[in-house]
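Student: Could you take one part of this model and look at it closely with me? I would like a connected account that also says how far the prediction can be trusted there.

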Amino acid sequence: MLKSFGLSLAVLALVLMPALAAEVGDDGLHKEEWFSMTFRDVSEDIAAAQTEGKRLAIIFEQRGCIYCREMHEKILSDPEVRDYIKANYMVVQYNMFGDEEVTDTDGEVLTEKSAARKWGYIFTPTIVFLPEELDEKVPVSKAAVATMPGAFGKLTFLNMFRWVREKGYGGGEHFQVYHARIVNELRAAGKLEE
């Protein structure tokens with residue numbers, strides 16, 4: 001009896017597992033239904049985000065990136081992370097090796113892959129946080145207020161989005177100091193799982 005119950009649970013887990021996996025598009029990138037589909041004109045995207053009371057974040061990914069998959073399946077699927085980002089950011093996905101047209105903040109028209117090269121982004125995922133107001137004479141890489149290269153755990157990931165939203169980049173508290181303070185506050189309150 002116990003053996004058949006265990007087998008039933010295993011079968012149920014296998015049936016439900018595909019529902020938990022992140023959807024993959026024709027370009028091989030993992031997709032979130034709340035990512036914004038735009039013409040990838042960065043100046044226009046910043047303006048559109050502002051209209052919604054949000055900030056623009058560009059995320060570079062690539063086909064087969066295990067860290068991108070983990071980010072989608074473990075971090076972006078977490079309701080706390082997902083809901084915070086959806087409420088505060090317009091996220092536009094770029095393919096590190098893609099050929100879709102991109103218009104840089106300085107007006108130069110590029111492909112996704114040539115934009116990644118121009119801006120110096122070589123890791124996936126890389127998340128680029130843009131300012132609320134733009135100097136249109138500089139490219140994205142110089143206009144960005146922060147960049148998160150690579151994959152991080154939930155708290156670091158979420159704290160970066162919070163730090164940018166709170167404009168920590170303009171003040172005296174470096175991100176690492178901000179993050180350590182949040183971790184210590186959660187630990188002191190007994191709210192940090194270790």
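Tutor: Let's settle one term before we start: a residue is called buried under 20% relative accessible area, exposed over 50%, and partly exposed in between. Lysine 167, with a relative accessible area of 42%, is therefore partly exposed. We will come back to that residue at the end.

This is a predicted model, and its mean pLDDT is 90, with 89% of the residues reaching 70 or more. Residues 5-19 are the stretch to set aside, as their pLDDT is below 50 and they have zero contacts in the model beyond near neighbours in sequence. The protein has eight helices and eight strands, and 42% of its 194 residues are buried. Among contacts with a separation of 6 or more, 63% join residues 24 or more positions apart.

The part I would pick is the open sheet of four strands, whose order is S4-S3-S7-S8 with mixed pairing. S4 and S8 (146-149) stand at the edges with a single partner strand each, so one side of each has no neighbour in the sheet. On average, neighbouring strands here are turned by 20 degrees against each other, direction ignored.

As background, strands of a sheet pair through backbone hydrogen bonds, either parallel or antiparallel. Here the parallel case is S3 (residues 55-61) with S4, joined by seven bridges. If you want a place to look, glutamate 61 stands opposite asparagine 95 in S4. On to the next pair: S3 and S7 (residues 126-129) run antiparallel over four bridges, and isoleucine 59 stands opposite isoleucine 127 in S7.

Is S4, at an edge of the sheet, mostly covered or mostly open? Mostly covered: seven of the seven residues in this strand, 89-95, are buried. That holds for both faces, with Tyr89, Val91, Gln93 and Asn95 on one side and Met90, Val92 and Tyr94 on the other.

Now add the helices. H3 (residues 66-75) lies across S3, S4 and S7 and runs at about 135 degrees to S3. H7 (residues 154-165) also packs on the sheet, where it touches S3, S4, S7 and S8, and its direction makes about 170 degrees with that of S8.

In H3, the residues Cys68, Met71, His72 and Ile75 are buried. They sit on the same side of the helix because they cover an arc of only 115 degrees around its axis. Their packing partners are S2 (30-31), S3, H4 (79-88), S4, S7 and H7.

Two cysteines deserve a glance here. Cysteine 68 is buried at a relative accessible area of 1%, and cysteine 65 also counts as buried, at 8%. A search of the whole structure finds zero disulfides.

At the other edge, threonine 147 is found in S8. This residue is partly exposed, because its relative accessibility is 31%. Leaving out residues up to four places away in sequence, threonine 147 touches Tyr121, Thr126, Ile127, Val128, Phe129 and Met160. Its C-alpha atom is 9.0 Å from that of leucine 130, 17 residues apart along the chain.

A few backbone angles outside the strands are worth checking in your viewer. Most residues other than glycine have a negative phi, and most peptide bonds are trans. Threonine 124 and proline 125 are joined by a cis peptide bond, with omega about -5 degrees, and proline 125 lies in the loop between H5 (112-119) and S7.

Two residues that are not glycine have positive phi values. Arginine 40, with phi of about 60 degrees, is in the loop between S2 and H2 (42-51), and it counts as buried at 15% relative accessibility. Lysine 167, our starting example, has phi near 60 degrees and is found in the loop between H7 and H8 (175-188).

Conventions
Residues are numbered from 1 along each chain as its sequence is written. This is a predicted model: local features need pLDDT of at least 70, side-chain atom pairs count only at pLDDT 80 or more; totals for chains, interfaces and linings use all residues. Side-chain values use heavy atoms; hydrogens and water are left out. Buried means under 20% relative accessible area, exposed over 50%, partly exposed in between (1.4 Å probe, protein chains only). Helices (H or I, at least four residues) and strands (E, at least two) are DSSP runs, numbered from the N terminus. Two strands pair if DSSP finds at least two bridges between them. Axes are lines fitted to C-alpha atoms, for helices over the stretch in contact, and angles run from 0 to 180 degrees between N-to-C directions. Contact means heavy atoms within 4.5 Å. The arc is that of the directions from the helix axis to the C-beta atoms. A disulfide is a pair of cysteine sulfur atoms within 2.5 Å. pLDDT is the predictor's confidence in each residue, from 0 to 100.
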